[in-house]
Each structure stands twice: as C-alpha cells, then as structure tokens.
Amino acid sequence: MSQPFEIDLHSEFLRADLFLAMGQPAEAARILETVVEGEPTNEAALEALARAYFGSAQLTRAEDALVRLVQLAPANGWARRALARTLERQSRHDEAAAHHRMADALGAR
C-alpha cells in the first residue's frame, strides 16, 4: 500500500520563491498559503506570503500576513515598513504613520 502524498514544505517554499522571482506573485501566494498553513510561525514564509499578496494587489491578505509577522517579530523593521506601505495603498495613512515611525526607529529602509 502506498504512503499518502506528503508536501515537502521547504521545496514548496523554494518553488514559490521562484514564482516571486519570475514576477508571478499570485501563483507564489497560492503555494505559500500551504507552507504557512503547515508552519504558521515560520517568519520567512510569512514574509514571502506578504510579498506575494502585496505584489498581486491582495492588500487585505498582505495586511493580515504582515500583522501576523509583526506579532511574531515586533522588531522586524522590514515587516513594519511593509505593513505601513500596505496600509498606505489602502488609503489608511494615519495607521501607516505609526508603523513608519517604528520602522524608522528600527533602522529599516
């Protein structure tokens, strides 16, 4: 009897990273959703998922992923800056300002 198919999350992460590099963020997001579901505290996977959502203009989903990432790693300046930019793209400038200030304090570009 054969074993049920198991997804190798690391391989899927690498595959999604290739889709991001090829300018196909929606496909990368589809793959990364499975990776993050399997490893919900994996900061690299959450960051890649947020990038994929942002790149495919899925701003609410990008915001959700970035909020989770900031909760896991409050001193992650990149995540703070990305969250601020995501909020700005949703015309939520007042909320974005606080994250920009935090990113500045953390030395993020």
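Which side chain meets that of arginine 81 in a salt bridge? In this predicted model, the partner is aspartate 104, and the N to O distance of the pair is 2.6 Å. The two residues belong to distant parts of the chain, since arginine 81 is placed in helix H5 and aspartate 104 in helix H6 (residues 93–105), with their positions 23 residues apart in sequence. Arginine 81 counts as buried, because its relative accessibility of 8% falls under 20%, the limit used for that class.

The chain in which this pair is found has six helices and zero strands, and its pattern, read along the sequence, is α-α-α-α-α-α. The C-alpha trace spans about 60 × 25 × 20 Å along its principal axes. Of the 109 residues of the chain, 39% count as buried, while the accessible surface comes to about 6,600 Å², with 52% of that area belonging to carbon and sulfur atoms. When contacts between residues at least 6 apart in sequence are considered, 44% of them join residues at least 24 apart.

The largest nonpolar core contains 28 residues, and the members that touch the most other members are Ala28, Leu32, Leu49, Ala52 and Tyr53. At least two residues of this core come from each of helix H1 (9–21), helix H2 (25–38), helix H3 (43–55), helix H4 (59–72) and helix H5 (77–89). Helix H3 gives the most to the core, its share being seven residues. For alanine 52, when residues up to four places away in sequence are not counted, the residues touched are Leu20, Pro25, Ala28, Ala29 and Leu32. Two of the residues named here, Ala28 and Leu32, also appear with Ala52 among the core members that touch the most others.

Salt bridges were searched for across the whole structure, and six were found. Besides the pair formed by arginine 81 and aspartate 104, one of them joins arginine 15 to glutamate 12, with the closest N and O atoms 3.0 Å apart. Both of these residues lie in helix H1, where they are three residues apart, about one turn of the helix. The two partners fall into separate accessibility classes: arginine 15 counts as partly exposed at 33% relative accessibility, whereas glutamate 12, at 18%, counts as buried.

A further salt bridge is formed by the side chains of arginine 30 and glutamate 27, for which the N to O distance is 2.4 Å. Because arginine 30 and glutamate 27 are three residues apart in helix H2, about one helical turn separates them. Arginine 30 is partly exposed, with 44% relative accessibility, and glutamate 27 is also partly exposed, with a relative accessible area of 25%. Elsewhere, salt bridges link Glu63, Arg92 and Glu95 in a network.

With regard to aromatic residues, the count of aromatic ring pairs comes to zero. An arrangement of a charge and a ring is nevertheless present, in which the charged end of arginine 89 sits over the ring of phenylalanine 54 at 4.7 Å from its centre.

Tryptophan 78 lies in helix H5 and counts as partly exposed, at 35% relative accessibility. Once its neighbours within four places in sequence are left aside, tryptophan 78 is in contact with Glu47, Arg51, Leu66, Leu69 and Ala108. Its C-alpha is 10.0 Å from that of aspartate 104, although the two residues are 26 residues apart in sequence. Aspartate 104 is the residue whose side chain meets that of arginine 81 in the salt bridge described at the outset.

Two residues of helix H6 complete the description. Histidine 99 lies in this helix and is buried, with a relative accessible area of 17%. Outside the residues up to four places away in sequence, histidine 99 touches Arg80, Leu83, Ala84 and Leu87. Methionine 102 is also found in helix H6, but this residue counts as partly exposed, at 34% relative accessibility. Methionine 102 and alanine 84 are 18 residues apart in sequence, and the distance between them in space is 9.7 Å, C-alpha to C-alpha. Alanine 84 is thus named both in this pair and among the residues that histidine 99 touches.

Methods
Residues numbered from 1 in each chain as written. Predicted model: local features only at pLDDT ≥ 70, side-chain atom pairs only at ≥ 80, totals over all residues. Heavy atoms only, no water. Phe/Tyr/Trp six-rings, centres within 6.5 Å; stacked < 30°, edge-to-face > 60°. Lys NZ or Arg CZ within 6 Å of the ring centre and 35° of its normal. Core = buried A, V, L, I, M, F, W, Y, C linked by side-chain atoms within 4.5 Å. Buried < 20%, exposed > 50% of the residue type's maximum accessible area, 1.4 Å probe, protein only. Helix = DSSP H or I, 4+ residues; strand = E, 2+ residues; numbered from the N terminus. Contact = heavy atoms within 4.5 Å. Salt bridge = Lys/Arg side-chain N within 4 Å of Asp/Glu carboxyl O. Areas by Shrake-Rupley, 256 points an atom, 1.4 Å probe, with all protein chains shown as cover.
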